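Good morning, and thank you for coming. I should like to take you through one structure, part by part, with the sequence and the model on the screen.

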Amino acid sequence: MKVYLDNSATTRVYPEAAELMTKVMLEDYGNPSSMHRLGVDAEKYIKTAREQIAATLKASEKEILFTSCGTESDNLAILGYAAAHKREGHHLITTKIEHPAILNTMEHLEKEGYEVTYLDVDHEGRISLTQLRDSIREDTLLVSIMHTNNEIGALQPIEEAGALIKKCNSKTVFHVDAVQGYGKNRIIPKKMGIDMLSASGHKIHGPKGIGFLYVKNGIRLQPILFGGGQQGGLRSGTEAVPSIAGLGLASAKINEGLEQERETLYSLRDGFVKDLLTIPDVIINGREGHETAPHIVSASFRDVRAEVLLHALEDKGIYVSSGSACASNHPQTSATLLAIGVEQALLDSTIRFSFSVFTTKEELDYTVQVLKELIPVLRKFKRG
Ligand code: PLP
């Protein structure tokens with residue numbers, strides 16, 4: 001049995017999206033900037049994808065910008081806004097548990113002379129709105145808070161934060177990294193006080209190497225890529241038409257059945273967590289029930305090395321991740337687990353299981369059964 005439980009790292013592409021992309025690559029392969037019919041046909045795919053994505057956010061299609069990935073969307077939002085507004089302030093706010101796409105961008109800006117406040121999180125990974133309120137200053141340009149944490153699934157109070165930011169400083173803009181939250185939650189930027197929002201194709205059964213940035217009408221960014229002036233000069237480079245078409249289709253599809261799918265994922269998650277907790281010395285990190293992401297379970301197995309368990313599961317056909325896969329090619333201690341205060345002995349014993357619309361109860365039952373066999377054996381090595 002093959003059980004893929006690493007959907008926060010990446011997802012399987014919807015067959016319909018793959019078919020559409022193949023058609024664009026083989027038949028409608030024009031450059032959207034070309035003035036002939038093939039170019040015009042290619043441009044139509046971009047327009048359709050913009051409309052599909054805009055509809056999911058109740059936004060205008062003019063507010064959707066295509067990028068090469070979630071990382072680029074995050075970079076463009078932060079670097080592009082900071083550069084365009086450097087005369088108005090040098091202070092930014094984010095959290096301690098952001099993805100490296102945000103944290104490393106902030107670090108870069110610190111070297112350029114900007115000041116960054118990193119908000120703490122509680123032991124369940126939630127920021128404090130009081131600390132956010134107290135951190136906003138006259139010269140705060142931007143606040144960036146992730147919607148859903150990629151390691152433990154913590155959800156942030158986005159709507160409350162959006163309202164608070166505008167109340168404290170109407171000039172401060174609010175960026176949300178929704179790479180893990182988009183497609184699992186209804187996110188309506190205008191209702192939630194979000195000015196910019198990042199998402200990525202490969203987390204929602206679309207292709208890899210494509211993302212989008214929602215930029216509210218009226219927000220001024222400086223480009224980070226210079227070239228042929230595509231996408232209104234904000235993101236030069238020939239548009240990745242096949243991937244954009246695939247992303248548009250995946251966005252529409254995942255959002256269509258969202259409420260029902262969320263409930264299915266929550267019930268799978270609840271059952272899985274309950275079963276995991278029947279294994280001695282297992283700790284679930286983060287909140288429970290609907291107060292956490294529907295698709296992520298972070299579990300620490302005392303006296304088991306995560307990497308050893310990961311490969312033992314792999315031998316049984318089960319694919320999981322230790323810490324965060326996007327950053328874990330070179331394993332280092334997880335900033336998120338440290339920030340929520342996971343005890344030292346468990347930092348290296350934590351596994352992330354992440355689900356998708358393709359995950360079944362049978363797969364999860366099999367995983368628990370395998371874990372029940374493996375854990376006592378692996379502990380014998382460690383405990384002697
Ligand atoms: N932000 C979060 C929260 C993520 O989980 C990821 C990837 O895992 C990214 C950003 C980066 O997205 P991409 O892989 O499309 O660059």
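**Leu268 and the architecture around it**

Let me begin with a single side chain: leaving aside residues up to four places away in sequence, Leu268 touches Phe355, Thr359, Thr360, Lys361 and Leu364. Please bear in mind throughout that this is a predicted model. Leu268 belongs to helix α9, which covers residues 258-276. Is Leu268 buried or exposed? Its relative accessible area is 11%, and because the limit for a buried residue is under 20%, Leu268 counts as buried. Pro294 lies 26 residues away from Leu268 along the chain, yet the C-alpha atoms of the two are separated by 8.6 Å.

I turn now to the division of the chain. Domain 1 comprises 3-11 and 257-383, while domain 2 comprises 15-256. Taken over C-alpha atoms, the centres of domain 1 and domain 2 are 27 Å apart.

What lies between the two domains? In terms of contacts, 35 residues of domain 1 meet 33 residues of domain 2. The size of an interface is often expressed as the accessible area that is lost when the parts come together. Here, the area buried between domain 1 and domain 2 is about 2,800 Å², with carbon and sulfur atoms giving 53% of it. How many salt bridges are counted between domain 1 and domain 2? The count is two. As for individual salt bridges, Glu259 forms one with Arg186, and the closest N and O atoms of this pair are 3.0 Å apart.

Next, the sheets. One is an open sheet of seven strands, in the order β2-β8-β7-β6-β5-β3-β4, and its pairing is mixed. Why does one side of β2 and of β4 lack a neighbour in the sheet? Strands β2 (64-67) and β4 (115-119) stand at the edges and have a single partner strand each, so one side of each remains unpaired within the sheet. From one strand to the next, the twist averages 20°.

At the β4 edge, β3 (residues 91-95) runs parallel to β4, and five bridges join them. Within this pairing, Thr95 has Leu119 of β4 as its bridge partner. Helix α6 (residues 158-168) packs on the sheet, where it touches β5 (140-146) and β6 (173-177), and the direction of α6 makes about 160° with that of β6.

At the other edge, β2 pairs with β8 in the antiparallel sense over four bridges. Strand β7 (residues 196-200) also runs antiparallel to β8, joined to it by five bridges. Tyr214 of β8 appears in both pairings: it is the bridge partner of Ile64 and of Leu197. How many of the five residues of β8 (residues 211-215) are buried? Five of the five are, so the strand is largely enclosed by the rest of the structure. Both faces are covered, with Gly211, Leu213 and Val215 on one side and Phe212 and Tyr214 on the other.

Finally, there is an open sheet of four strands, ordered β9-β10-β13-β12, with antiparallel pairing. Its edges are β9 (282-285) and β12 (321-322); each has a single partner strand, so one side of each is without a neighbour in the sheet. Two antiparallel bridges pair β12 with β13 (residues 350-354), and Ser322 has Ile351 of β13 as its bridge partner. Helix α10 (residues 306-315) packs on this sheet, touching β10 (296-301), β12 and β13, and its direction makes about 40° with that of β13.

Thank you for your attention.

Notes: Residues numbered from 1 in each chain as written. Predicted model: local features only at pLDDT ≥ 70, side-chain atom pairs only at ≥ 80, totals over all residues. Heavy atoms only, no water. Pairing = 2+ DSSP bridges. Axes fitted to C-alpha atoms, helices over the stretch in contact; angles between N-to-C directions. Contact = heavy atoms within 4.5 Å. Buried < 20%, exposed > 50% of the residue type's maximum accessible area, 1.4 Å probe, protein only. Domains from an automatic or database assignment. Buried area = accessible area lost by both parts, 1.4 Å probe. Salt bridge = Lys/Arg side-chain N within 4 Å of Asp/Glu carboxyl O.
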